[in-house]
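Here are a few short exercises to work through with the model on your screen. Try each one yourself before you read the solution.

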Amino acid sequence: MSATPDRQHRMTPSDILARKGQAPIACLTAYTTPMARLVDAHCDLVLVGDSLGMVLHGLPSTVGVTMEMMILHGKAVARGIERACLVVDMPFGSYEESPQQAMRNAARLMSETGCQAVKLEGGLHMAETVAFLVARGIPVMGHVGLTPQAVNTLGGYKVQGRGEDGARIEAEAAALAEAGAFAVVLEKLPQSLGARITGAIPVPTIGIGAGPECDGQVLVVDDMLGLFGDFRPKFVRRYAELGDSASDAIAAYAEDVRARRFPGPEHVFADHVARK
C-alpha cells in the first residue's frame with residue numbers, strides 16, 4: 001500500500017474514518033491562509049486549534065480563546081484549503097454546559113468558517129453531547145488524555161493515563177467512538193496506552209505524544225517549524241528552525257537600514273520612466 005493517499009478530491013470526515021488501520025493520517029494545525037496552503041499540499045487533515053491563543057495571541061493557555069477568535073482564524077484557514085479535511089476546535093466554555101449550547105456554537109462555527117467538522121475535549125461526560133451533535137449533522141472529533149482546556153483541573157501539562165488511570169482514558173476514548181466521533185485525538189499518554197486504545201476502538205486515533213502506533217499524528221505547526229519557542233514539549237520534533245532564521249533576517253534588515261544599505265538603487269523609483 002502506498003503511504004501517499006489519493007488526493008483527487010476534498011477529504012471528508014468519512015474519508016478520515018475509513019483510514020482506520022490504513023495509511024497513517026498526517027495532520028497539522030494552521031491559523032492563517034498562507035500556512036493553510038502549505039499544510040494543505042501535504043496533509044490529510046488541517047486543524048484550526050485553540051492553541052492559536054498561545055502561539056499567535058500570547059495567552060498563557062487555551063482557556064482564554066473565544067468563539068470570535070476561532071471563527072476569525074477558521075475563515076482564514078478555509079480560504080487556503082482545497083484538499084484536506086478542515087476541523088476547527090470548539091473553545092473553552094462553548095460546549096460544556098449542555099448539548100444544546102454545543103449545537104448552537106458548533107453550527108455557528110461550521111456555517112461561518114466552512115469547516116467540515118469540529119473538535120471538542122472530554123471523554124465520558126461529553127459522550128452525550130457528541131451523540132447529540134452527530135445525530136444533527138455535525139461531525140465531531142474527540143480529544144482525551146491531556147485536555148489543555150482543563151489544565152487548571154489537571155494541575156498542569158502532565159502525562160495522563162499512567163498506571164491504573166489508563167483504564168479511565170480507555171473508557172473515555174471508547175465512549176466517544178460509540179457516541180459517533182469519527183476520530184479521537186490522544187494527547188500525552190504512555191506509548192503502550194496509545195497502542196491499546198488504537199487497537200480497541202473502531203475509529204482512527206490521532207496521536208500527539210501518544211506513540212507511533214496511533215492511526216495518525218498531529219503537531220502544532222509552529223512547534224515543528226521552530227517558530228514557537230516559549231516551551232518545547234518532548235513529543236515535538238523540530239523539522240526546521242524558522243524562528244532562528246527569521247531572527248537573523250530581521251537583525252540583518254535592521255542593520256542595513258541603520259547603515260543606509262537598504263533600500264539600495266534597485267529598490268527606488270526614478271523621476272521619469274526610461275524610454276525603450
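**Exercise 1.** In which helix does Glu172 lie? Then decide whether Glu172 is buried or exposed.

*Solution.* Keep in mind that this is a predicted model. Start with the position: Glu172 belongs to helix α8, which covers residues 166-179. Next, take the relative accessibility of Glu172, which is 12%. Buried means under 20%, so Glu172 counts as buried. Finally, look at the surroundings: leaving aside neighbours within four places in sequence, Glu172 is in contact with Gly123, Leu124 and Val144.

**Exercise 2.** How many disulfides does the structure hold? Work through Cys27 and Cys115 as examples.

*Solution.* The structure holds zero disulfides. For Cys27, the nearest cysteine sulfur is that of Cys43, 6.9 Å away. A disulfide needs two cysteine sulfur atoms within 2.5 Å, so Cys27 is in no disulfide. Now turn to Cys115: the closest cysteine sulfur, in Cys85, is 8.9 Å from its own, which is too far for a bond. As a last step, check the accessibility. Cys27 has 7% relative accessibility and counts as buried, and Cys115, with 5%, is buried too.

**Exercise 3.** Which residues form a nonpolar patch on the surface with about 270 Å² of accessible area together? Place Phe262 and classify its exposure.

*Solution.* The patch is made by Tyr253, Val257 and Phe262. Phe262 sits in the segment that follows α11 (242-258). Its relative accessibility is 35%. That value falls between the 20% and 50% cut-offs, so Phe262 counts as partly exposed.

How values were computed. Residues numbered from 1 in each chain as written. Predicted model: local features only at pLDDT ≥ 70, side-chain atom pairs only at ≥ 80, totals over all residues. Heavy atoms only, no water. Patch = residues over 30% accessible without salt bridge, like charges linked within 9 Å, V, L, I, M, F, W, Y side chains within 5 Å. Areas by Shrake-Rupley, 256 points an atom, 1.4 Å probe, with all protein chains shown as cover. Salt bridge = Lys/Arg side-chain N within 4 Å of Asp/Glu carboxyl O. Helix = DSSP H or I, 4+ residues; strand = E, 2+ residues; numbered from the N terminus. Buried < 20%, exposed > 50% of the residue type's maximum accessible area, 1.4 Å probe, protein only. Contact = heavy atoms within 4.5 Å.
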